[in-house]
Amino acid sequence: MAVGRPRRRLNRNVPYAAVNGLNMYYEVHGEGPPLLLLHGGSGAIPERWFPFFSPRFQVIAIEQMGHGRTADVMDRSFHYHDMAEDTVELLRQLQIECAVVVGYSDGGIIGLDIAIHHPGRVTKLAVTGAQSRVDGYTEENQEWARTFDPAVQPVSETYGRLSPDGAEHWPIVLGRLKPMWIAEPSFTPEQLQSIRAPTLIIIGDDDIVTPEHAVEMFRTIPGARLCVVPLAGHGVLPKDTVLTFLQEGANDGT
């Protein structure tokens, strides 16, 4: 199975790493080939997905700057590429040369960025609810990103419970995320065509990413697979489809 050799046993008792000025939180679950699990925007580690992957993989789940238990750093702007570089630096520190990458929404965009800029790090890539350009969103979601008021958004229960910055920082972090959500990502067709990792693109048929854009990504990334889940919204993860994709080639050395 071409997903990278299992590395040394990670220290599960030290859940933070010093990464590019961040005190980045991460967790490790399970044993086996490494799988990097990337959460969505304004969210945190999707614990509900651990049972999908930890029986077969060593899951490394991280929380990006200003998300979950990783504090915000006010002198840094939010950019997908910077978060991708933070992620790669964490992999370096954990001595993980390459991994399967599974990303949801913003995490899927970060996964695409890593596959483009660090192709040797990604052996397989599965993204759900992720787009390659801002116009891949529905018109309604593009309008929401442009017009929402961070000051009146209810504090996420997860953020209020986990963030070291406190619930009062919620409108601040949303205000800092908003310019990124309006302007990014902006991957070119040439960048998508450069992806060499086998890639699975997943959306729900009621996603905030349009089916037309998902098809465009599917047609542009070499050898990509596409899964449209009926009666499903943003961030759907069809367990059996994803595991079948990740385990393809397990017995033939590919």
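Let's start at Gln 142, which sits in helix H4. In this predicted model, Gln 142 has a relative accessibility of 17%, so it counts as buried, the cut-off for that word being under 20%. What does the side chain of Gln 142 reach? It reaches the backbone oxygen of Tyr 137, at 3.1 Å. If you set aside residues up to four places away in sequence, Gln 142 touches Val 134, Asp 135 and Tyr 137. Tyr 137 therefore turns up twice, once through its backbone oxygen and once in the list of residues that Gln 142 touches.

Stay with helix H4 for a moment, because it leads on to the largest pocket: H4 (139-147) and helix H6 (170-183) each supply at least two residues of the lining. About 430 Å³ of space lies in this pocket. Its lining is made up of 19 residues, and those nearest the centre are Gly 41, Ser 42, Ser 105, Trp 144 and Trp 181. What kinds of residues make up the lining? Nine are nonpolar, nine are polar and one is charged.

Now look for enclosed space. How many cavities of 30 Å³ or more does a search of the whole structure find? It finds one. The largest cavity has a volume of about 30 Å³, and the residues lining it are His 39, Gly 41, Gln 64, His 67, Met 83, Asp 106, Gly 107 and Ile 110. You have met Gly 41 already, among the residues nearest the centre of the largest pocket. Helix H3 (residues 106-117) gives the most to the cavity lining, with three residues. By type, this lining divides into two nonpolar residues, five polar and one charged.

Last stop: strand E4, which covers residues 58-63. Six of its six residues are buried, so the strand is largely enclosed by the rest of the structure. Follow the side chains along E4 and you'll see Gln 58, Ile 60 and Ile 62 pointing one way, with Val 59, Ala 61 and Glu 63 pointing the other way. In a regular strand, side chains alternate between the two faces of the sheet.

So which strands pair with E4? Strand E2 (residues 22-29) does so in the antiparallel sense, over five bridges, and here Val 28 has Ile 60 as its bridge partner in E4. Strand E3 (residues 34-38) pairs with E4 too, in the parallel sense and over five bridges. In that pairing, Leu 37 stands opposite Ala 61.

Technical notes:
Residues are numbered from 1 along each chain as its sequence is written. This is a predicted model: local features need pLDDT of at least 70, side-chain atom pairs count only at pLDDT 80 or more; totals for chains, interfaces and linings use all residues. Side-chain values use heavy atoms; hydrogens and water are left out. Buried means under 20% relative accessible area, exposed over 50%, partly exposed in between (1.4 Å probe, protein chains only). Helices (H or I, at least four residues) and strands (E, at least two) are DSSP runs, numbered from the N terminus. Two strands pair if DSSP finds at least two bridges between them. On a 1 Å grid over the protein atoms alone, a cavity is a set of points where a 1.4 Å probe fits but cannot get out, and a pocket is an open set with protein on both sides within 12 Å along at least five of seven lines; lining residues have an atom within 4 Å of a point. Grid points are joined across faces, edges and corners, and a volume is the space filled by probe spheres set on the points. Ala, Val, Leu, Ile, Met, Phe, Trp, Tyr, Cys and Pro count as nonpolar, Asp, Glu, Lys and Arg as charged, and the others, Gly among them, as polar. A polar contact is a pair of N or O atoms within 3.5 Å; within protein, one must be able to donate a hydrogen and the other to accept it, and residues adjacent in sequence count only if both atoms are side-chain atoms. Contact means heavy atoms within 4.5 Å.
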